Amino acid sequence: MKRTTLVRMGSTALLTLGLALTFATPANSVPVSSDMSEIQTALQRDLGLTPQQAQARSQQEKVAWSKDKTLRIALGSDFAGSRFDAASGKLVVDVADASRVAEVTSSGALARVVEHSEADLNAAATRLAQGSAGMPKSVTGWRVDAASNAVVVSVYGNDASAASWAKGLGADVSFEHVTARPQTYWDLIGGQAIRTSSGSRCSLGFNARSGSTRYVITAGHCTNIGGTWSGSGGTIGSTGSGSSFPTNDYGRINVSSSSAVQTGLVDRYSSGSDVRVTGSSAVGNGAAVCRSGSTTGWHCGTVNSTNATVCYSQGCVYQTFRTNVCAEPGDSGGSLVSSPSGSTVQAQGMTSGGSGNCSSGGTTYFQKVNEALSAYGLSLVTG
């Protein structure tokens, strides 16, 4: 299996959802457009879908994720994971007890009997995190993989010590060998470029507030740099008392400039009108998502793990989204969004790092935005 080189993405690249997203325009401009053709074109490009297929997928995912919420509760400890299956257009639900299959199929979802429950897999991933201090340098990350019903550890080269490390922690895992080491990307406004006085460039993730205090949320490996940040229109402000990297990869920038206006918009660059974020309801495995960044613009793909650990040279970041959306250096901190209902855009996360590029494709990891909002006690700016 090819190994991707993870890097911190410093610039903002906006995501192009292949779903029915609502378009928004900047302040003092024309009203929001309801034309979905440009987003469907982006899905056609990045997921190989026609506009009609993109619209159909949006409706299928809406139904699937509604079933997912109900079945997770009903199955309890027998729930072993779920994912949207694009081929069938249905939700696939794994169960650890064969007697629960009928319960799943009667809801209209597909069922698969597996060995490990989701709780078991999450526990194994937690054991790896707790033992990360003794982790071999060859380990580049791990993830809960719904498709294989396993915790998959990524290993650079053929280092046998990774297996010994996992076994010593009592973690039942599988391994994949990668051919490149992850590295962080450096280089701000939903997907637009932000620069610090040190000369580094990143991408803005989302706007947020705590009362009357305003913040920009972006990648922690960007805010760790410190200094004064500016965007295309001038000074934004300085890094506040909040920057978490590694372990997490989020940070906040104080918006002190009176000329900086907060919006809930995410830039789609050449793909058309901006999209307006209306909330932050999280999606699951198999969901279509789009990313915005200042280096590569707007790109789409799907989520293949909602609990993935990625390990950079600076340390590991836990419980990220792992996707097949491409990104490149300078995209760090940029916005990841989805449109699970087909009519509203939901903030999902900020670009952390990944491997590959937007010419040949790659793997990208995203810090979940709700974790950052909760940690700082912030409210997402929408509209």
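This is a short tour of a predicted model, stop by stop.

**The whole chain**

Start with the full protein chain. Its secondary structure comes to 7 helices and 25 strands. The chain has 383 residues, and 56% of them count as buried. Show the surface next. About 14,400 Å² is exposed, and carbon and sulfur atoms supply 48% of that area.

**A sheet of three strands**

Select residues 79-85, which form strand S3. Add residues 90-95 for strand S4, then 110-113 for strand S5. Together they make an open sheet in the order S3-S4-S5, with mixed pairing. S3 and S5 are the edge strands, and each pairs on one side only. Neighbouring strands here are turned by 20° against each other on average, ignoring direction.

Zoom in on S4 and S5. They pair in the parallel sense, over 4 bridges. Which residue of S5 stands opposite Val93? Click across from Val93 and you reach Ala111.

**The helix across the sheet**

Now select residues 51-75. This is helix H2, and it lies across S3 and S4. Its direction is at about 175° to S3.

**A network around Arg72**

Stay on H2 and show the side chains of Asp68 and Arg72. They meet in a salt bridge, 2.7 Å from N to O. Both residues lie in H2, 4 residues apart, which is about one turn of the helix.

Is Asp68 buried or exposed? Its relative accessible area is 7%, so Asp68 counts as buried, the cut-off being under 20%. Arg72 has a relative accessible area of 33%, so Arg72 is partly exposed.

Next, add Glu118. Its side chain also forms a salt bridge with Arg72, at 3.3 Å from N to O. This pair links distant parts of the chain: Glu118 sits in helix H4 (residues 118-130) and Arg72 in H2, 46 residues apart. Glu118 is partly exposed, with a relative accessible area of 22%. Keep the three residues on screen: Asp68, Arg72 and Glu118 are linked in a network of salt bridges.

**A buried pair between strands**

Move to Glu176 and Arg143. Their side chains meet in a salt bridge of 2.9 Å, N to O. Glu176 belongs to strand S8 (residues 174-178) and Arg143 to strand S6 (residues 139-145). The two are 33 residues apart, so to speak a link between distant parts of the chain. Glu176 is buried, at 6% relative accessible area. Arg143 is buried too, at 7%.

**Last stop**

Zoom back out. How many salt bridges does the model hold? The count comes to 10.

Technical notes. Residues are numbered from 1 along each chain as its sequence is written. This is a predicted model: local features need pLDDT of at least 70, side-chain atom pairs count only at pLDDT 80 or more; totals for chains, interfaces and linings use all residues. Side-chain values use heavy atoms; hydrogens and water are left out. Two strands pair if DSSP finds at least two bridges between them. Axes are lines fitted to C-alpha atoms, for helices over the stretch in contact, and angles run from 0 to 180 degrees between N-to-C directions. Contact means heavy atoms within 4.5 Å. Buried means under 20% relative accessible area, exposed over 50%, partly exposed in between (1.4 Å probe, protein chains only). Accessible areas come from the Shrake-Rupley method with a 1.4 Å probe; for residues, only the protein chains shown count as cover. A salt bridge is a side-chain nitrogen of Lys or Arg within 4 Å of a carboxyl oxygen of Asp or Glu.
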